[in-house]
Amino acid sequence: MKQEYQDLVLQACGASSLRVGAKIQTLWSGYGEIVRLHLEGCDRPSVVVKHVKFPEEAEHPGGWNTDRSHRRKVRSYQVETHWYQNYSTNQSCRIPACLAACSHGDEMLIVLEDLDVVGYDQRRTSVKDREIKACLSWLAHFHALFLGAAPEGLWPVGTYWHLETRPDELEAMDDANLKAAAGNIDRILNECRFKTVVHGDAKLANFCFSQSGQDVAAVDFQYVGGGCGMKDVVYLLGSCMEERECEKRVPGLLDFYFTELKRSVKKDVDFAALEEEWREMFAFAWTDFHRFLLGWMPGHRKINRYSKQLTKEVLNKLRL
């Protein structure tokens with residue numbers, strides 16, 4: 001790590017020295033890495049640094065190495081930096097504090113609180129009911145907090161699969177009926193009366209759990225932006241459960257999400273209207289993500305019977 005970046009961390013944390021620790025992960029398509037830095041001489045034992053360095057040649061697992069793809073990723077890191085520097089949440093939808101950030105040429109650096117140190121040191125690849133509900137509760141509080149807020153400096157429409165940013169994947173789709181309806185589905189979601197700020201990539205891997213699994217914090221805000229809260233909910237549920245589990249458990253988990261949302265929104269919100277609209281948007285949001293997958297990676301495991309059934313229902317509604 002460059003000396004100027006080390007100096008930034010030392011100054012931001014009031015530390016006397018630092019040591020580069022383990023690499024936590026490589027960023028998507030080789031766009032940098034996330035590392036833990038161990039500190040001396042301050043009240044923080046460590047911080048996590050997201051170090052973005054745009055590669056000369058990106059390596060995409062799906063083969064989508066295009067100028068459009070590169071521009072989207074560059075924008076995503078700019079949005080994430082703006083998010084951490086200008087937005088805050090509360091304990092009910094915890095995120096890491098941003099301690100410093102800078103950009104220079106083809107590099108960007110975000111210095112974040114180490115969530116492991118403050119009790120969110122667990123990661124999950126599979127979850128039980130309690131942990132899914134912890135994530136849904138986080139989303140409900142997050143959506144309530146930003147309900148009606150303009151996504152200033154963020155993506156106008158959040159989520160990494162938003163149709164306007166994915167014309168190549170749409171063109172690659174074989175499903176002619178869904179391809180023809182994609183614009184309509186996108187419009188219906190975007191014209192929701194009740195809008196919030198969505199996380200945009202609310203998969204299980206982006207939640208950090210407490211030891212008990214009852215409390216979570218979220219990371220990775222590259223695709224945070226405006227939209228219907230159901231987009232986050234369907235993406236989370238799809239990342240946690242296989243098709244048979246979805247068929248059995250989604251109704252109860254949706255009820256839980258709306259119970260949490262009702263507890264969290266301001267009293268002047270017409271919650272009955274909000275719940276009615278977003279419940280209707282659930283199938284549209286799921287279909288919207290299904291549309292992306294069909295173009296991006298048609299063999300993906302999430303293209304399953306449950307997704308196909310919801311898509312069929314949405315297409316039938318649009319024909320009425």
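This passage describes the two domains of a predicted model, the interface between them and a selection of salt bridges.

Residues are numbered from 1 along each chain as its sequence is written. Because the model is predicted, local features need pLDDT of at least 70 and side-chain atom pairs count only at pLDDT 80 or more, while totals for chains, interfaces and linings use all residues; side-chain values use heavy atoms, with hydrogens and water left out.

The protein is divided into domain 1 (3-117) and domain 2 (122-318), with bounds that come from an automatic or database domain assignment. The C-alpha centres of domain 1 and domain 2 lie 25 Å apart. Contact (heavy atoms within 4.5 Å) links 27 residues of domain 1 with 31 residues of domain 2. Together the domains bury about 2500 Å², with 62% of this area on carbon and sulfur atoms; buried area is the accessible area (1.4 Å probe) that two parts lose on being put together, summed over both.

Turning to charged pairs, a salt bridge is a side-chain nitrogen of Lys or Arg within 4 Å of a carboxyl oxygen of Asp or Glu. Three salt bridges are counted between domain 1 and domain 2. On the domain 1 side of this interface, helix α2 (residues 67-86) contributes the largest share, eleven residues; helices here are DSSP runs (H or I, at least four residues) and strands likewise (E, at least two), numbered from the N terminus.

By the salt-bridge rule, the count comes to 22. One salt bridge joins K53 and D106, whose closest N and O atoms are 3.8 Å apart. K53 lies in strand β3 (residues 46-53) and D106 in the loop between β4 (98-104) and β5 (107-113), so the pair ties together parts that are 53 residues apart in sequence. R123 also forms a salt bridge, with D116, and here the closest N and O atoms are 2.7 Å apart.
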